[in-house]
Amino acid sequence: MPAPPCTSCHAARAALRRPRSGQALCGACFCAAFEAEVLHTVLAGRLLPPNAVVAVGASGGKDSTVLAHVLRELSPRLGISLHLVAVDEGIGGYRDAALAAVKRQAARWELPLTIVAYADLFGGWTMDAVARSTAGSGRSRSCCTFCGVLRRRALEEGARRVGATHIVTGHNADDMAETVLMNFLRGDAGRLARGGGLGSPGEGGALPRCRPLQFASQKEVVLYAHFRRLDYFSEECVYAPEAFRGHARDLLKRLEAARPSAVLDLVHSAERLALVPAARPPRPGSCSRCGALASRDLCQACALLDGLNRGRPRLAIGKGRRGLGEEGPQGAPGDRAQPPASETIPAF
Ligand code: SF4
């Protein structure tokens, strides 16, 4: 049976039915609708003001690839400039290939690219070194717990280096719904309240962050990448299988099978929760070591690195900021010939 005509242009044959609305669209009309919805999200949420210098967190994966492409299409209308910022977590056999995809994107779209590495920012620690150090230690934290905190900090540092005024990340609606489920299952009321908006306004000196794809489903992100023939890296990180997020993803799939609106329902629930005054977290202060935003004495990154560096000199995060030490587990800068951090640091 031939495909029905596109319900938007009525000229071409429909190539898909939108998962959310069931609307039959051709590839061109779907991409135009997708871009218009992202534009609406940005404008309605006042996420990126004219003249903003926007650091796009680029991982080489489908979400950040689609985000960078869509924002590049929209940048003349929004009056913004883009800079790709990629984070090298130091994950052998995975991140190198993903970074190669980011480099191809930067060259193809003629966008500036800056890569910041955990090893340089966090005194020699890479995710592979963290994984070796924590293996068999009996700690309940998975690699992704460390990585999530360190990557957030690394992206902030990278964005500052390029003079960005705003940070955007490619989290889609499914990512957001998984995060809501995870925070709910952990009983983390603070994160539930903080995570509900379209981003963070940049409290405590941090750069404002936002998620323009927050209402776009994962299926539509993949469809957009397909119709725009985007080149992205699609392999899963070697540490992903141990992440708690995988359980939330399985649960979300079952919820969605029973209630197709479950993903957006969760995203909107978190939005409403963020508006409840009693649910809002107290105004955070700053980390006593590095000056970053923190709700306790130390920010999350410094607290995690403290555990990794137990018995070692204090670790430098973002050299030059207030109260930072100069040496990490590999010693002073220039001592890179030292043994890998994981072999010199006692496991916790
Ligand atoms: Fe980091 Fe986990 Fe993502 Fe791998 S899956 S890049 S360890 S957060």
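**Notes on the predicted model**

1. Let's begin inside helix 3. A101 has 0% relative accessibility, so this residue counts as buried. A101 belongs to helix 3, which covers residues 95-109. Please keep in mind as you read on that this is a predicted model.

2. A101 also ties together distant parts of the sequence. Between A101 and Y232 there are 131 positions in sequence, yet their C-alpha atoms are 6.0 Å apart in space. Leaving out residues up to four places away in sequence, A101 touches G60 and F233.

3. For the chain as a whole, you will find 13 helices and 10 strands. Of the 348 residues in the protein chain, 48% are buried. Among contacts with a separation of 6 or more, 69% join residues 24 or more positions apart.

4. Helix 2 deserves a look of its own. Its 17 residues, 62-78, reach 23 Å from first C-alpha to last, close to the 24 Å expected at 1.5 Å a residue. Even so, the helix has a kink of about 35 degrees at R72, shortly before the proline P76.

5. Why can helix 2 be called largely enclosed by the rest of the structure? Because 13 of its 17 residues are buried. Just after helix 2 comes G79, with a positive phi near 70 degrees.

6. Next, a few annotated positions. The UniProt record, an unreviewed entry, lists G57, A58, S59, D63, V87, G170 and D175 under "binding site". I picked two of these, V87 and G170, for a closer look.

7. V87 sits in strand 4, residues 81-88. Its relative accessibility is 7%, and as buried means under 20%, V87 counts as buried. Setting aside neighbours within four places in sequence, V87 is in contact with A58, R95, L99, V116, Y118, R151, A154 and L155. One of these partners, A58, is itself on the UniProt "binding site" list.

8. G170 lies in the loop between strand 6 (166-168) and helix 7. Is this loop residue buried or exposed? G170 is buried, with a relative accessible area of 11%. Residues up to four places away in sequence aside, G170 touches D63, S64, L67, D175 and L213. Both D63 and D175 appear in the UniProt "binding site" list.

9. Now to the ligand. Around it are E89, I91, C144, C147, R151, C237, Y239 and A240. By class, this shell holds 6 nonpolar and 2 charged residues, with no polar ones. R151 is worth a second glance, since you have met it already: this residue of the ligand shell is also among the contacts of V87.

10. Helix 11 spans residues 262-275. Its 14 residues reach 20 Å from the first C-alpha to the last, close to the 20 Å expected at 1.5 Å a residue. Which residues of helix 11 are buried? They are A262, V263, L264, L266, V267, A270 and A274. The cover over these buried residues includes helix 7 (173-186), helix 8 (189-194) and helix 10 (245-258).

11. Helix 7 brings us to M182, which is placed in that helix. With 8% relative accessibility, M182 counts as buried. M182 and G246 are 64 residues apart in sequence, while their C-alpha atoms are 9.8 Å apart. Not counting residues up to four places away in sequence, M182 touches F244, R245 and A248.

12. Finally, two backbone angles that you may wish to check. Most residues other than glycine have a negative phi. H10 has a positive phi, near 60 degrees, and R46 has a positive phi near 50 degrees.

13. Where do H10 and R46 lie? H10 is in the segment before strand 1 (16-17), and R46 is in the loop between helix 1 (27-44) and strand 3 (53-57). H10 is exposed, with a relative accessible area of 59%. R46 counts as exposed as well, at 75% relative accessibility.

Key:
Residues numbered from 1 in each chain as written. Predicted model: local features only at pLDDT ≥ 70, side-chain atom pairs only at ≥ 80, totals over all residues. Heavy atoms only, no water. Helix = DSSP H or I, 4+ residues; strand = E, 2+ residues; numbered from the N terminus. Expected span 1.5 Å × (residues − 1). Bend = angle between axes of the 7 residues up to and from the residue. Buried < 20%, exposed > 50% of the residue type's maximum accessible area, 1.4 Å probe, protein only. Contact = heavy atoms within 4.5 Å. Near = heavy atom within 4 Å. Nonpolar A, V, L, I, M, F, W, Y, C, P; charged D, E, K, R; others polar. UniProt positions renumbered as here; feature names shortened; annotations may be inferred.
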